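Trainee: I am new to this structure and would like a close look at a single part of it. Could you take me through the salt bridges, one after another, and say where their partners sit?

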Amino acid sequence: AVLIGRRNDACLEKLLETSEDATVLYGVAHLRDLDAKLRAAGYRRARGEAWDRAFSIPLSESWTVLAAPVVALLALDALDYVSLLASFRGDGPVAVALYAARHAALYYALRKWVLAAP
């Protein structure tokens, strides 16, 4: 939430600097905070607003087969992360770096199986 708030603050700063129309391409997690900040700055929702899909990610056929293992993997990964944070000691930066590298490789491989190739 803190990172989203900071990104929204940067976005709002740029919006207030321009008198031109602007388009903001953010995910749904930003909307509640950004909407409140825009309203506080004097903006109001336009009537007859239109929403367009900016992009979508097609899932491959294997997603239905992999759904349960992927959820289990993410749950196990969350427990692993909590365990890492609980054991954070003097060797913490090295452990965190190795953890991040391992999971980056894991998620890259998982992306190859779950998402359809472009």
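Mentor: What follows begins with the chain as a whole and then turns to the salt bridges.

Please keep in mind throughout that this is a predicted model. The protein chain holds four helices and zero strands, so that, read from the N terminus on, its elements run α-α-α-α. Buried residues make up 14% of the 118 residues in the chain, and the chain exposes about 9800 Å², of which carbon and sulfur atoms supply 63%. Among the contacts with a separation of 6 or more, 62% are between residues 24 or more positions apart.

Against that background, a search of the whole structure finds four salt bridges. Let us start with the one between K37 and D9, in which the closest N and O atoms are 2.5 Å apart. Its partners belong to two helices, since K37 lies in helix α2, which covers residues 31–40, while D9 lies in helix α1, which covers residues 2–17; the pair therefore ties together parts that are 28 residues apart in sequence. D9 itself is partly exposed, with a relative accessible area of 40%.

A salt bridge inside one helix is the one that joins the side chains of E17 and K14, with 3.9 Å from N to O, a distance that is accepted because the cut-off for a salt bridge is 4 Å. E17 and K14 both lie in helix α1, three residues apart, which is about one turn of the helix. Both partners are exposed, because exposed means over 50% relative accessible area: E17 has a relative accessibility of 55%, and K14 has a relative accessible area of 56%.

Helix α2 has a salt bridge of this kind as well, for D35 and R39 both lie in that helix, four residues apart, again about one turn, and their side chains meet at 3.0 Å, N to O. Here both residues count as partly exposed, D35 with a relative accessible area of 23% and R39 with a relative accessibility of 35%. Beyond these pairs, salt bridges that share partners join D9, D33 and K37 into one network, and with this we return to the K37 and D9 pair, which links helix α2 to helix α1.

Note on methods:
Residues are numbered from 1 along each chain as its sequence is written. This is a predicted model: local features need pLDDT of at least 70, side-chain atom pairs count only at pLDDT 80 or more; totals for chains, interfaces and linings use all residues. Side-chain values use heavy atoms; hydrogens and water are left out. Buried means under 20% relative accessible area, exposed over 50%, partly exposed in between (1.4 Å probe, protein chains only). Contact means heavy atoms within 4.5 Å. Accessible areas come from the Shrake-Rupley method with a 1.4 Å probe; for residues, only the protein chains shown count as cover.
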